Amino acid sequence: MKKLQYVVLISVLLIGVCSASDEVVEDDIGSHAEGSRTDTEAVEREEEAIKLDGLNVAEMKNLREAAEKHHFQAEVNRMMKLIINSLYKNKEIFLRELISNASDALDKLRFLSVTDKSALDATEELSIRIKPDKENNLLHITDTGIGMTKADLVNNLGTIARSGTSEFLQKMQDGEMPAETDLIGQFGVGFYSSFLVADRVFVTSKNNDDKQHIWESDSIEFSTAEDPRGNTLLRGTQISLHMRPESIEFLEQDKLKELVGKYSQFINFPIYLWTSKTVTEVEDEEPETTDAPASEDEDSVVEEEPEEKKDEKKTIEKTVWEWVRMNEAKPIWLRKSADVTEEEYKEFYKSFTKDSEEPLAYTHFTAEGEVTFKSILFVPKSAPPDTFSDAPKMDYIKLYVKRVFIADKIDDLMPKYLSFIKGIVDSDDLPLNVSRETLQQNKLIKVIRKKLIRKVLDMFKKMDDKDYKEFFKTYGVKLKFGILEDNANKSRIAKLLRFHSSNSKDELTSLDQYIERMKSSQESIFFMGGASVAEIESSPFVEKLLKKGYEVLYMTEPIDEYCLQTLPEYEGKKFQNVAKEGLKIGKDSDAKKELKEKTEEQFKPLTSWLKETGLKDKIEKAVISDRLDQSPCALVASQWGYSGNMERIMKAQGYHRENEGMGGFYSQKKTLEINPRHPLIKELLRQIAADATDEKSKDSTSQVELNEC
């Protein structure tokens, strides 16, 4: 046995020596491919290593050798240099463009099939499929659309058939246009965005009128050849991107899901992504069988009873690949509002905004005229976190062009006071895929903004009382800011305002309701600002008004007085701050005027003394009051000055300093109004009449100022 082993070992050694003697040693290491590789050769080798589905490296090489070579039109070359090197900071836009192109191809086929049923003979499927191939560093986007013939591939992808392109590019290069202008979609150049992420692009296409061809380009030149695989697509186009090293993130499933959801979730046709998932399966474990050795003495074999074995099972994890649809959400704004149920609106809102609550209200409409667009707008039940910040988020309105997401940060699309509105605007009239900066300068955006504001305000107006109470409790302050910000819609917003009122402690009232309850002799809408309803009700300014049955609006929000200062009148009725000069209660009769003149003459010694001596430099003047009933006196602001409530608000601002110049503006001198019917005032008049220089009277006056006024 040992001799046999030695013979085998010697034979193996002899074979190895013979093999080694046949090898040829390289004379020049430098001539070896690895030793003399240049950057150009490295690129060529990398290109040779690229393979498409169904084509190996050798077949790809033969395909390139047989292909027709073409050079891009000069304008395309310039365009691609701008696209790749200058225009884009956001590379992810390429997927949006390719999906949009695929959707257009499917639309063309669907339109053609209306008159030619045979257009769908190859396959009736109308879909878009995205398949990442990490192993080969490729991303495939395939559609079953109309496809392209060989001539289409050369003409459509090698030229830009659009007038004005040369002039536009020249202006761009001469610096006459902003560098950040987004060209994609303006001149049919969406396809060229592929080169943002890919160093080589393959387009395989099959049209019903031609064989299947492959178009290939490295952004410098392109080639076309008949596909040796035959008709693998049946019909349609497949774009295969060989990704740049810095763009491999776009081969990740999660990234592709994010981009499809962001830009293309409302495309009309189903979009499928080739995804993997791990599943756990339970398998029955096969019992091990062992053959018992044969016994020489069969009679001595003792038969043992077999042991009862429990069913043994094991779990294994498997990776399963499947096509998963990415755009389940339907663009319901394209349907007529009468055909959409309330439940569908609510479900769409939740899926679109990721909000767990149902919307408080919504409006669905189509606007026509200078610009046509469809829109659905929602009012969230709870205010977004940043609603009342100085710089609220302005990205709750998503702008789409032909169901393709374009932007959500268009500052001019909705004013700040309506920044909480969420929704979608979809227009076919806007230029496709322009940049945010360009959109904001587009005059059509201003037209859309105007119509959106009107529709939103109409939506508020149509809400029922219960929902509107909840709405105003949450967003009322924002509407009041609208009075300050939106002069064009000031009267519309005013109809939506609600205030506390002396008419009811529990219910808020509108301005229309106030006017309905006004007395026939009342000329103004009375209001007063304060920190709370209780504070205003106890104020001396409203004593006589409430006693005579006049209704007073209570302005308890800091914004309220600002708001009404910019709204001088409503439905022909002027606003009157009862804490300021100019208050008129009812109409002045001749007898009333005569009585007032006599009272002023009677108390002239006191008012003159208060102005010139008693409260010198502290008040603007002293006059007889028409508004006081129980209080002896009150300090009244001038018609154009700050009321006491406004002074309190201004002084509470963080930037206010008492010694700064504006501090004096906030604390302007006020008019002292005295109540001639009050015992204290009568006593002061008696003392002043007796001795105007009496120090006791002067001290009493100061005490009145401090304690009563």
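Leaving out neighbours within four places in sequence, Thr224 touches Ala67, Glu68, His70, Lys150, Leu153, Val154, Ile214 and Trp215, where contact means heavy atoms within 4.5 Å. The model is a predicted one, in which local features need pLDDT of at least 70 and side-chain atom pairs count only at pLDDT 80 or more, while totals for chains, interfaces and linings use all residues. Residues are numbered from 1 along each chain as its sequence is written, and side-chain values use heavy atoms, with hydrogens and water left out.

Thr224 belongs to strand β6. Helices (H or I, at least four residues) and strands (E, at least two) are DSSP runs, numbered from the N terminus. Thr224 counts as buried because its relative accessibility is 1%; buried means under 20% relative accessible area, exposed over 50%, and partly exposed in between, with a 1.4 Å probe and protein chains only.

**The chain as a whole**

The chain has 23 helices and 23 strands. Of its 709 residues, 43% are buried. Among contacts with a separation of 6 or more, 74% are between residues 24 or more positions apart.

**Nonpolar cores**

In soluble globular proteins, nonpolar side chains tend to be buried together. A nonpolar core is a set of buried Ala, Val, Leu, Ile, Met, Phe, Trp, Tyr and Cys residues joined through side-chain atoms within 4.5 Å. The largest such core in this model has 72 residues, and those with the most contacts inside it are Val379, Leu418, Ile421, Leu452, Phe460, Phe471 and Leu479. Helix α11 (residues 443-462) gives the most to this core, namely 10 residues. Apart from this core lies another, of 53 residues, including Leu95, Leu98, Phe222 and Tyr400. Beyond its neighbours within four places in sequence, Leu452 is in contact with Phe365, Phe373, Ser375, Leu377, Leu413, Met414 and Val425.

**Strand β12 and its partners**

Four of the five residues of β12 are buried. Two strands pair if DSSP finds at least two bridges between them. β12 pairs with β14 in the parallel sense over five bridges, and three bridges join β12 to β13 in an antiparallel arrangement. Leu399 has a bridge partner in each neighbour: Val425 in β14 and Ala407 in β13.

β12 and β13 form a hairpin with two residues between them. Lys402, in the turn, is not a glycine, yet has a positive phi. Leu234 also has a positive phi without being a glycine. The table sets out these two residues.

| Residue | Phi | Loop | Relative accessible area |
|---|---|---|---|
| Leu234 | about 70° | between β6 (221-226) and β7 (236-243) | 39%, partly exposed |
| Lys402 | about 55° | between β12 (397-401) and β13 (404-407) | 44%, partly exposed |

**Aromatic rings**

A pair of aromatic rings is described by the distance of the centres and the angle of the planes. Rings of Phe, Tyr and Trp (its six-membered ring) pair if their centres lie within 6.5 Å; planes under 30 degrees apart count as stacked, over 60 as edge-to-face and the rest as tilted. By this rule there are 28 aromatic pairs. Phe420 and Tyr475 are stacked, because their ring centres are 4.0 Å apart and their planes are at 15°. Phe420 lies in the loop between β13 and β14 (422-427) and Tyr475 in helix α12 (residues 465-485), so the pair ties together parts that are 55 residues apart in sequence. Both Phe420 and Tyr475 are buried. Elsewhere, ring pairs link Tyr263, Phe266, Trp333, Tyr345, Phe348, Tyr349, Phe352, Tyr362, Phe378, Tyr400 and Phe405 into a cluster.

A charge sits over a ring if NZ of Lys or CZ of Arg is within 6 Å of the ring centre and within 35 degrees of the ring normal. The charged end of Arg129 is over the ring of Tyr272, 4.5 Å from its centre, and Lys131 lies over the face of Trp274, 5.3 Å from the ring centre.

**A sheet and helix α17**

Six strands form an open sheet with mixed pairing, in the order β16-β15-β18-β17-β20-β19. β16 (504-509) and β19 (569-570) are the edge strands, each pairing on one side only. β15 and β16 pair in the antiparallel sense over two bridges, and Phe499 stands opposite Thr509 in β16.

Helix α17 (residues 558-565) lies across β15, β17, β18 and β20 and runs at about 150° to β17; axes are lines fitted to C-alpha atoms, for helices over the stretch in contact, and angles run from 0 to 180 degrees between N-to-C directions. Within α17, Ile559, Asp560, Glu561, Cys563 and Leu564 are buried. The buried residues of α17 pack against α12, β15 (499-501), β17 (524-529), β18 (553-555), β20 (573-577) and α20 (644-651).
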